[in-house]
Amino acid sequence: MSLGTMTDLFMAHINPGQMHFMKLLGFNKVKVERAEGMYYYDQNGRKILDFFGGFGSLALGHNHPRITAARKRFQDESRHEIAIAFMSQYAAALAKNLATVSPGDLDMVFLGSSGSEAMEAAVKLAERAAGPDRPKIVHAVNSFHGKTKGVLSITDGELYRGQFKLVDNTVRVPFGDIAAIERAFRADKQIGAIVLETVQGGGGIVEAPDGFWTELRALCDRYGVIMACDEVQCGFGRTGKFYAFEHHGIVPDITALAKSLGGGKTAMAAMIAKRDIYMKAYGAPKNALIHAQATFGGIGESCITAIEALNVLYDEGLIENSARTGAYLIERLKELQNRYPKFIKDVRGRGLMVGLEFHDFSQAMPLVVKPMIAMLDDKLKGSLPGFIGSALLRDHGVLVAFTEYNRNVIRLQPPLIATRAHVDEFMDALDAVLSKGVVRIVKDFVASQVG
């Protein structure tokens, strides 16, 4: 299929409005022909270094040979996929493996296909276990838990909420503000659960202050509130631990994984909960089917893909590599921040989940026009990272991502197979772009749009 035909079909049948943004970033000029390891390969044979990583979906890189081999063997042996009437040995084995790698008594597993589905299961479980007298759920400012209608009610983005009629049993608090959470718990006896991302991805790669998670665990225990940690994006080794909450020495009552759990080759998600919480909600035969797995929950090939993905994660030491290579990436970025302080406002993150925040556009402009541009900073938010991201792809074959709520942040979530050499390749490209200065970056961007 030609690039022109792809564009026409996308405009006619998928999302014509999205094409506006793809054109701005130059994504519309790329047809990916294949992908392997850390790289995409486009229609011209050009390598594109993937520091986007599908929002954290590609921990093992593209087309890991062990993943493709496991899937081929499953197909060659004509193994069964749909297990509704019968038990599935594949789902049972995956659930056991997830329980094994999860700390504490997180050992009851619900399998699905997406992070939204896993978080829907988590929210429903929490509400059932809390009981009808405590139906309210606390969530955070700048949270992102999915776009399906239930978890959209605890996703804090006006764009995604889109004037839909959402459930109203929610309480909104600032992220990482333990005092605000305690005030909410004390004031409203109907609060039965709190749902938070351990690291806010869409919020701009934001972590809570030191000590927050241990205080929250104690607070939830004191008030009898169920604690759920959303690890859909930050889990599966991304931050240098299997779960990001393990950095803080706590265990939530419920958590969720997705994205990289599918090994980069399938849609797989899981909710993992403490047994007592699960049994309270669904333990009796009369309650067991209230939220059983959907038709494709625990589908055979997806399960064996996730099983092998876990094997690869541990066999190849990718969690440790994430911590080690991520520390090197952050070190290099902070060096770059010292060289370009008018561009880079902050470097933050853990492991290979890193946020690179840029100043408002006016801060990078020459002094003579800075006051004039400053009046437009709010409208121009996100434009500087967009220009830089576009230049990285166009001129250097490097792909990065952005964040939903803080548009000044470039999100870096490369596969956990990344090496220091890949970091150096990325850093050389970013340095080359920033060294041009903001005026040249803007001129090049305008020229690319005209061309």
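How many disulfides does the count come to? The count comes to zero disulfides. The model behind these close-ups is predicted.

**View A. Cysteine 229 and cysteine 234 are in no disulfide.**
The sulfur of cysteine 234 is the nearest cysteine sulfur to that of cysteine 229, at 8.2 Å. A disulfide would need the two sulfur atoms within 2.5 Å. Cysteine 229 counts as buried because its relative accessibility is 1%. Cysteine 234 is buried too, with a relative accessible area of 0%.

**View B. Seven strands build an open, mixed sheet.**
The strand order is 4-12-11-10-7-5-6. Strand 4 (106–112) and strand 6 (170–173) are the edge strands, and each pairs on one side only. From one strand to the next, the twist averages 20°.

**View C. Strand 4 pairs with strand 12 at one edge of the sheet.**
Strand 12 covers residues 269–274. The two strands run antiparallel and are joined by six bridges. Strands of a sheet pair through backbone hydrogen bonds. Within this pairing, methionine 108 stands opposite alanine 273 of strand 12.

**View D. Helix 5 and helix 11 meet strands of the sheet.**
Helix 5 spans residues 89–101 and packs on the sheet. Its contacts are with strand 4, strand 11 (254–257) and strand 12. The direction of helix 5 makes about 135° with that of strand 4. Helix 11 spans residues 275–282. This helix lies across strand 4, strand 10 (226–230), strand 11 and strand 12. Helix 11 runs at about 100° to strand 12.

**View E. Isoleucine 307 of helix 12 is buried.**
Helix 12 comprises residues 300–315. Isoleucine 307 has 15% relative accessibility, so the residue counts as buried. Beyond its neighbours within four places in sequence, isoleucine 307 is in contact with Tyr90, Ala93, Leu94 and Asn97. Tyrosine 90 lies 217 residues away along the chain, yet the C-alpha atoms of isoleucine 307 and tyrosine 90 are separated by 8.4 Å.

**View F. Helix 9 and helix 10 pack roughly parallel to each other.**
Helix 9 covers residues 178–187 and helix 10 covers residues 212–223. Their packing angle is about 10°, and their axes are 10 Å apart. Angles under 35 degrees count as roughly parallel, which is why the pair falls in this class. Helix 9 contributes Ile178, Ile181, Glu182, Phe185 and Arg186 to the contact. Helix 10 contributes Phe212, Glu215, Leu216, Leu219, Cys220, Arg222 and Tyr223.

**View G. Helix 16 crosses helix 17 in a right-handed sense.**
Helix 16 (residues 383–396) packs against helix 17 (residues 420–434) at an angle of about 115°. Their axes are 10 Å apart. The angle makes helix 16 roughly perpendicular to helix 17. On helix 16, Ile388, Ala391, Leu392 and His396 make the contact. On helix 17, the contact residues are Phe426, Ala429, Leu430, Ala432, Val433 and Leu434.

**View H. Strand 13 and strand 14 form a hairpin.**
Strand 13 (residues 344–350) and strand 14 (residues 353–358) run antiparallel, joined by six bridges. Valine 347 has leucine 356, in strand 14, as its bridge partner. Two residues sit between the strands. In the turn, glycine 351 has a positive phi of about 60°.

Conventions
Residues are numbered from 1 along each chain as its sequence is written. This is a predicted model: local features need pLDDT of at least 70, side-chain atom pairs count only at pLDDT 80 or more; totals for chains, interfaces and linings use all residues. Side-chain values use heavy atoms; hydrogens and water are left out. Two strands pair if DSSP finds at least two bridges between them. Helices (H or I, at least four residues) and strands (E, at least two) are DSSP runs, numbered from the N terminus. Axes are lines fitted to C-alpha atoms, for helices over the stretch in contact, and angles run from 0 to 180 degrees between N-to-C directions. Contact means heavy atoms within 4.5 Å. Buried means under 20% relative accessible area, exposed over 50%, partly exposed in between (1.4 Å probe, protein chains only). Angles under 35 degrees count as roughly parallel, over 145 as roughly antiparallel, 65 to 115 as roughly perpendicular and the rest as oblique. A crossing is left-handed if the near helix is turned anticlockwise from the far one by less than a right angle, and right-handed if clockwise.
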